[in-house]
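Please look through the following structure with attention to how its strands, cores and helices are arranged, and to a few places where the backbone departs from the usual geometry. The paragraphs after it lead from one of these topics to the next.

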Amino acid sequence: MSQWYFDESGEQRGPVSEEEIQSLLAANKIHQGTMLWTEGMIDWKPAGSISAFQASPYASPVSDPTSSVDWSGYVPSGPQVRPWVRYWARTFDFLLFCLLVGATVVAVWPEAAEMNDTFLGIILLLGYNFIEPAFLTTIGTTPFKALLCVRLRKSDGAKLTYLQGLSRIFSVWIRGQGLGIPLVALITGITSYNRLSNDSITWWDREGGFTVTHRNVAWWRWVILIGLFAGFIGLMMTADEV
């Protein structure tokens with residue numbers, strides 16, 4: 001019988017049996033991002049990437065079964081490490097927020113249009129951090145996560161609470177987006193991309209015990225995304241001319 005070791009706050013624990021690992025996961029004493037190792041493995045891996053310990057990524061929510069989004073029939077498909085899909089989903093959610101908020105603010109306070117673009121971008125990114133958690137805790141997704149078939153849940157299949165979503169997005173903002181500061185954001189973005197590609201999980205999802213799953217994105221969804229992007233660029237060009 002395999003004997004497993006697991007990481008707990010930077011300290012190695014074990015050996016324990018496969019059944020004990022499953023019990024720890026069920027009791028939420030460890031989570032899908034907890035690093036595990038057993039004899040025969042080249043390196044430590046998160047529990048969520050090991051078939052014996054994977055939680056059903058499409059299980060119906062346990063702690064909060066109500067949702068206005070129907071995830072019934074949601075079955076992950078294709079590769080489950082898709083950093084670019086996650087990037088575009090978040091980017092377009094943010095652009096939609098900027099469009100709506102920007103139009104409202106400029107209508108009320110026209111001088112805001114004269115603000116430094118970098119500073120304004122940082123302010124908008126900070127503001128968005130309080131909006132995404134509200135989507136996640138109510139409907140369980142965001143507009144473009146839904147469009148690109150990205151699903152974010154806790155390890156038990158439940159939706160995130162507002163505070164969990166807030167903690168997660170601030171971690172993304174600092175460690176993944178470098179506070180929106182151009183050069184810093186480039187460095188943190190590359191580092192996060194490599195981490196997700198190599199470890200199959202990001203820092204924030206590992207530490208928070210969250211699971212991100214994907215379905216193959218139908219061609220028409222990409223057509224919608226490209227069309228919206230073209231519309232956004234056209235709108236920006238028109239605004240500059242005005």
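In this predicted model, strand 5 is covered on both of its faces, with Val150, Leu152 and Lys154 buried on one side and Arg151 and Arg153 buried on the other. The strand runs over residues 150-154, and five of its five residues are buried. Its pairing with strand 6 (residues 210-214) is antiparallel and extends over five bridges, and within this pairing Arg153 has Thr211 of strand 6 as its bridge partner.

Two residues of strand 5, Val150 and Leu152, also belong to the largest nonpolar core, which has 16 residues and in which they are listed with Phe92, Phe144, Leu148, Leu160 and Leu225 as the residues with the most contacts inside it. Two or more residues each are given to this core by helix 2 (83-108), helix 5 (143-147), strand 5, strand 6 and helix 9 (219-241), and the largest share, four residues, comes from helix 2. Phe92 touches Phe144, Leu225 and Phe229, when residues up to four places away in sequence are not counted. Apart from this core lies another one, of 12 residues, including Val16, Ile21, Met41 and Ala47.

Just before strand 5, in the loop that joins helix 5 to that strand, lies Cys149, a residue that is not a glycine and yet has a positive phi of about 60°. With a relative accessible area of 8%, Cys149 counts as buried, because the cut-off for that term is under 20%. Cys98 is likewise buried, at a relative accessible area of 16%, and the count of disulfides in the model comes to zero.

A second positive phi, near 65°, is found at Leu179, again a residue other than glycine. Leu179 lies in the loop between helix 6 and helix 7 and is partly exposed, with a relative accessible area of 32%. The axes of the two helices that this loop joins, helix 6 (residues 162-176) and helix 7 (residues 182-199), come within 8 Å and cross at roughly 110°; because angles of 65 to 115 degrees count as roughly perpendicular, helix 6 and helix 7 are described in that way. Where they meet, Ile174, Arg175 and Gly176 of helix 6 are in contact with Ala185, Thr188, Gly189 and Ser192 of helix 7.

One further backbone feature concerns a peptide bond. The bond from Gly14 to Pro15 is cis, with omega near 10°, and Pro15 is part of strand 2 (residues 11-17). Most peptide bonds are trans, and most residues other than glycine have a negative phi.

Terms used: Residues numbered from 1 in each chain as written. Predicted model: local features only at pLDDT ≥ 70, side-chain atom pairs only at ≥ 80, totals over all residues. Heavy atoms only, no water. Buried < 20%, exposed > 50% of the residue type's maximum accessible area, 1.4 Å probe, protein only. Pairing = 2+ DSSP bridges. Disulfide = S-S within 2.5 Å. Core = buried A, V, L, I, M, F, W, Y, C linked by side-chain atoms within 4.5 Å. Contact = heavy atoms within 4.5 Å. Axes fitted to C-alpha atoms, helices over the stretch in contact; angles between N-to-C directions. Parallel < 35°, antiparallel > 145°, perpendicular 65-115°, else oblique.
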